[in-house]
Amino acid sequence: EKGGFKHFMAKEIAEQPGVLADAMAHYLQDDRLNIDVDFAGVGRITMVACGTASYACHVAKYWFEQIAGLPCEFDIASEFRYREPVLSPTSWALFVSQSGETADTLAALRYAREHVARIVSVVNVPTSSIARESDLALPIMAGVEVGVASTKAFTCQLLVLALLALKAGVDRGRLDAAALAGHIAALRALPGLMNHALQMSGDIAGVADDLARARDVLFLGRGAMFPLALEGALKLKEISYIHAEGYASGELKHGPIALIDEDVPVIVLAPRDALFEKTVSNMQEVMARNGKVLLISDKAGVEEAGQKTWARLMMPDCSPMFAPILYALPAQLLAYHTAVAKGTDVDQPRNLAKSVTVE
Ligand code: F6R
């Protein structure tokens with residue numbers, strides 16, 4: 001049932017090009033978005049989720065703002081449900097959950113129901129409680145995810161959220177047909193690019209053998225790569241039990257730089273986009289303190305800034321906007337191979353459950 005893979009996690013990582021293409025086939029007809037929502041008149045989007053799903057929301061905040069100019073916030077469900085959030089009748093609330101049964105997310109949905117115009121959910125299990133209690137449930141089409149660490153559900157959540165941001169851009173008059181077609185072409189390129197990234201698994205395993213000896217690891221990213229740094233750190237800690245933190249690159253000098261020495265690997269997620277130079281300057285601050293930098297970038301980025309780094313992973317070129325979907329793969333593979341090198345239980349990490357139905 002693991003289809004020749006040693007672990008469900010490896011199988012599910014490898015399934016991503018296929019399931020992403022399936023989800024695209026479901027939601028995209030040629031250049032038309034097949035999503036039954038209309039964002040005209042929506043004042044604000046409030047997104048709520050837990051764990052990896054909350055990082056998908058965090059990435060999507062950048063998309064809703066940049067693509068659709070739509071005010072957007074997100075929160076983790078356990079905070080949202082108790083902090084008396086101020087919602088408005090023109091707001092929509094969006095809940096993201098693989099299982100659709102996460103107790104805090106469901107409670108947050110029930111709270112929001114009284115306060116917002118519409119409840120939309122992005123779920124993997126269409127028969128789940130969260131799906132049933134939503135006005136509209138959008139399936140992510142990832143198929144059954146067995147590994148406790150979420151992988152293919154994350155990238156499929158990101159895809160559906162990206163499509164929602166595009167729909168919002170169209171409905172709000174922010175995206176003309178040409179711009180929409182450009183974004184859709186960038187999304188359609190992702191499965192092929194993911195296949196390319198999966199071929200880097202062997203290189204990543206080599207780096208992971210060293211990473212497995214670390215006590216602490218930092219992940220850095222800027223813009224929509226910041227939440228991906230958080231996701232990379234979460235994945236590494238939950239399956240390899242190595243302490244890891246994700247930071248926005250610009251926050252480095254506000255505290256975490258004190259941790260840097262030659263024993264702390266720092267993983268920098270930085271495609272050659274508009275923020276690249278800024279991230280590189282943060283990376284150089286790490287290297288000046290003997291930090292071991294692993295730069296994950298594209299060809300241009302690695303050629304420009306990779307010379308003195310400890311290690312480099314050269315990703316295929318992709319649209320900067322949707323790079324978080326592609327860069328999720330090396331983050332997952334790093335965690336996976338590090339855990340394998342350490343010999344931990346990859347699919348069933350200690351203390352964790354696949355579906356968290358108690359708060
Ligand atoms: C991490 C992970 C968890 C879940 C979280 C939410 O790899 O899997 O952080 O993302 O427990 O679960 P769902 O999406 O089922 O609500």
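**Two exposed turns, a buried strand and a ligand site**

At a relative accessibility of 67%, Asp30 counts as exposed, because the cut-off for that class is over 50%. This residue belongs to the loop between strand S1 (28–29) and strand S2 (32–33). Its backbone is notable in one respect: Asp30 has a positive phi of about 50 degrees although it is not a glycine. These values, like those that follow, come from a predicted model. The protein averages a pLDDT of 96, and 100% of the residues score at least 70. For the complex, the predictor gives an ipTM of 0.99 and a pTM of 0.98.

A positive phi in a residue other than glycine also occurs at Asn351, where the angle is near 70 degrees. Asn351 is placed in the segment after helix H14 (323–342). With a relative accessibility of 78%, Asn351 counts as exposed.

Strand S5 (residues 91–97) presents another environment. Seven of its seven residues are buried. In a regular strand the side chains alternate between the two faces of the sheet. Which residues of S5 lie on each side? Ser91, Ala93, Phe95 and Ser97 are on one side, Trp92, Leu94 and Val96 are on the other, and all of them are buried. Both faces of S5 are therefore covered, given that buried means under 20% relative accessible area.

The pairing of S5 can be followed next. Strand S3 (residues 44–49) runs parallel to S5 and is joined to it by five bridges; within this pair, Met47 stands opposite Leu94. Six bridges join S5 to strand S6 (residues 118–123), and these two strands are likewise parallel. In that pairing Ala93 stands opposite Ile119 of S6. From S5 the chain crosses through helix H5 (residues 103–113) to S6, forming a right-handed β-α-β crossover.

The ligand brings the description back to Ser97, a residue of S5 that is buried. Of the 14 residues around the ligand, Ser97, Gln98, Ser99, Thr102 and Glu238 come nearest. Backbone atoms of the protein also approach ligand oxygen atoms. A backbone N or O atom of Gln98 lies 2.6 Å from an oxygen atom of the ligand. For Ser150, the distance from a polar backbone atom to a ligand oxygen is 2.9 Å, and for Thr52 a polar backbone atom is 3.1 Å from an oxygen of the ligand. Taken alone the ligand exposes 400 Å², of which the protein buries 88%.

Key
Residues numbered from 1 in each chain as written. Predicted model: local features only at pLDDT ≥ 70, side-chain atom pairs only at ≥ 80, totals over all residues. Heavy atoms only, no water. Buried < 20%, exposed > 50% of the residue type's maximum accessible area, 1.4 Å probe, protein only. Helix = DSSP H or I, 4+ residues; strand = E, 2+ residues; numbered from the N terminus. Pairing = 2+ DSSP bridges. Right-handed = clockwise from strand over helix to strand, strands pointing away. pLDDT = per-residue confidence, 0-100. Near = heavy atom within 4 Å. Polar contact = N/O pair within 3.5 Å; in protein donor to acceptor, adjacent residues only side chain to side chain. Areas by Shrake-Rupley, 256 points an atom, 1.4 Å probe, with all protein chains shown as cover.
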